[in-house]
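Trainee: I'm new to this one and would love a guided tour. Please start with the sequence and the picture.

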Amino acid sequence: MKNTIKTTAIILVVLQLISIVSALTISDVTNSPSEVEPGKKISLEIEIENNLDDDVSYVEVALILTSSVIDPNPLNPVVSEEIPLSPEGSSVVYFEEIREGREKIAKFNLIADADAEVGIYKIPVALSYLVNGDTQKTSKQFTVSVKINAQPELILNLEDFFIKGRKNNVDIRITNVGLAKAKLLEVELQPSTMYDILSSKNVYIGDLESDDFDVANFDVYLKEYSNIPFVVKLKYRDASNKEIVESKNLNARIYSEKEAIALGLMKKNNTAIYIGAVVGLALVWVVWRKWKKWRKKKRAEAAGGGR
């Protein structure tokens, strides 16, 4: 009896293995390019292999770009969740037949949504076919993956003009023109013999979203040079948490105060003139008061002597 049970179990396992091997399956998937940026196109090729001992017909390969997920809210038990990829053309490919031991390739052209989040997306693939001699189609479902990826792209600009031989506020504007955010962004102003950094040389920005900007501020004493290259090191992580370190040069024209006034970049400081004018008026008033007292005294003396 025990031997019979064991034999039956072995037969069932063998039959299951045979059913797995003998089937219409996805044997290969090729993405070109291997990953796609938001708003760009990707070609998806799915190779269907017939491992059955017979030909199959009316083969249908369909991408399911909308999946259903369970919502815990009992009033809304099923919610549609869009995969951020759209077909350029049909999302279904038909084959009249696939002969025994042969393969067919189903080709799909997809476009990633412009606002798609970076990530790996699993796309269900529905496969249905009719085995010769059967009257009812066999249906299976598989999953393929598409990676949507993008990189931050940071550009730097200096926000003000600079005067040599004095302390300046160096404001560096960092703009992310890429399609992904730069995470944990740090900005470091590199030392130079052409200037002295008076503040901290490191500024932590944090996450910088796509199409956004921030400003890193440094206090710097600029020496007597007409042109100074500021070397800025950026350290951040991309959407895949890969650390990126890059250096950028910002060339700055440095003016003397006289040049800046002549070019209209700054107004002439008239404080000394105003102080001089006030002091001058005060002196005139003091002299006039003293003269007035002296004159009054002389008139009084003259009037007393006439008597």
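**A guided tour**

Trainee: What is the relative accessible area of K248?
Mentor: K248 counts as partly exposed, a class between buried (under 20% relative accessible area) and exposed (over 50%), taken with a 1.4 Å probe and protein chains only. For K248 the value is 23%.

Trainee: What kind of model is this?
Mentor: Residues are numbered from 1 along each chain as its sequence is written, and side-chain values use heavy atoms, leaving out hydrogens and water. Local features need pLDDT of at least 70, side-chain atom pairs count only at pLDDT 80 or more, and totals for chains, interfaces and linings use all residues, for this is a predicted model.

Trainee: With which residue does K248 form a salt bridge?
Mentor: A salt bridge needs a side-chain nitrogen of Lys or Arg within 4 Å of a carboxyl oxygen of Asp or Glu. For K248, the closest N and O atoms of the pair are 3.9 Å apart. The partner is partly exposed, at 23% relative accessibility. That residue is E246.

Trainee: How many residues apart in sequence are the parts that E188 and K201 tie together?
Mentor: E188 and K201 form a salt bridge, with their closest N and O atoms 3.7 Å apart. E188 is buried, with a relative accessible area of 14%, while K201 is partly exposed at 35%. Helices (H or I, at least four residues) and strands (E, at least two) are DSSP runs numbered from the N terminus. E188 lies in strand β15 and K201 in the loop between β16 and β17, so the separation of the parts they tie together, in residues, is 13.

Trainee: Which residue is linked with E97 and R99 in a network of salt bridges?
Mentor: The side chains of E97 and R99 meet at 3.4 Å, N to O. E97 is partly exposed at 32%, and R99 is partly exposed at 46%. The network that links these two also includes D55.

Trainee: Which strands are the edge strands of the open sheet?
Mentor: This sheet has 5 strands in the order β2-β11-β10-β4-β8, with mixed pairing. Two strands pair if DSSP finds at least two bridges between them. The edge strands each pair on one side only, and they are β2 and β8.

Trainee: Which strand gives the largest share of the largest nonpolar core?
Mentor: A nonpolar core is a set of buried Ala, Val, Leu, Ile, Met, Phe, Trp, Tyr and Cys residues joined through side-chain atoms within 4.5 Å. This core has 31 residues, and V59, V61, L63 and I123 touch the most other members. Strands β3, β4, β8, β9, β10 and β11 each supply at least two residues. The largest share, 6 residues, comes from β10.

Trainee: Why might such residues sit together, and how many are in the other core?
Mentor: In soluble globular proteins, nonpolar side chains tend to be buried together. Among the members of the other core, which lies apart, are L154, F162, F218 and Y236. Its number of residues is 27.

Trainee: Which residue has a side chain in polar contact with that of E159?
Mentor: E159 is found in the loop between β12 and β13 and is partly exposed, at 39%. Leaving aside neighbours within four places in sequence, it is in contact (heavy atoms within 4.5 Å) with D171, R173 and V215. A polar contact is a pair of N or O atoms within 3.5 Å, one able to donate a hydrogen and the other to accept it within protein, and residues adjacent in sequence count only if both atoms are side-chain atoms. At 3.4 Å, the side chain of E159 is joined to that of R173.
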